[in-house]
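Student: I would like to go through this model term by term. Please set each value against its definition.

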Amino acid sequence: MNRKYVNMVNYCAIIGCTNTGGKDKVSFYRLPAVISNQGVQTRELSEKRRRVWLSRISRADLLPTSYPYLRVCSVHFESGTNYSYLALLISIVDIPFLLL
């Protein structure tokens with residue numbers, strides 16, 4: 001069986017950033033999900049984290065339907081990485097804020 005695989009190229013959502021996953025050696029991070037199956041406090045924290053990301057990305061043209069495809073490259077994180085193990089803690093290291 002012959003299958004063709006299509007490489008998806010990631011584009012950074014930050015206006016003015018030209019980093020892509022195809023040519024640049026950067027990592028890409030998704031918009032944090034809203035976690036709704038682990039209690040009210042977890043849902044509220046994850047909603048807050050998502051709101052903070054969206055406010056930092058600061059793009060009026062984004063629609064909720066585009067959120068699953070939204071990516072921010074590692075250039076916009078102080079450490080160069082998104083601290084996924086701290087996913088529910090709102091801290092400066094896991095919110096994009098550089099070169100915005």
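Student: What makes the contact between the side chains of R59 and D61 a salt bridge?

Tutor: A salt bridge needs a side-chain nitrogen of Lys or Arg within 4 Å of a carboxyl oxygen of Asp or Glu. R59 and D61 meet at 2.7 Å, N to O, so the pair satisfies that definition. This is a predicted model, in which local features need pLDDT of at least 70 and side-chain atom pairs count only at pLDDT 80 or more, while totals for chains, interfaces and linings use all residues. Residues are numbered from 1 along each chain as its sequence is written, and side-chain values use heavy atoms, with hydrogens and water left out.

Student: Why is R59 called partly exposed?

Tutor: Buried means under 20% relative accessible area, exposed over 50%, and partly exposed in between (1.4 Å probe, protein chains only). R59 has 26% relative accessibility, so it counts as partly exposed.

Student: The structure holds two salt bridges. What is the N to O distance between R43 and E47?

Tutor: The closest N and O atoms of R43 and E47 are 3.4 Å apart, and the pair forms a salt bridge. Both residues lie in helix α1, four residues apart, about one turn of the helix. R43 is partly exposed because its relative accessibility is 28%; E47, at 26%, is partly exposed too.

Student: Which residues have a pLDDT below 50?

Tutor: The chain averages a pLDDT (the predictor's confidence in each residue, from 0 to 100) of 75. Over residues 84-93 the pLDDT is below 50. Where pLDDT is low, the predicted coordinates should not be read in detail.

Note on methods:
Contact = heavy atoms within 4.5 Å. Helix = DSSP H or I, 4+ residues; strand = E, 2+ residues; numbered from the N terminus.
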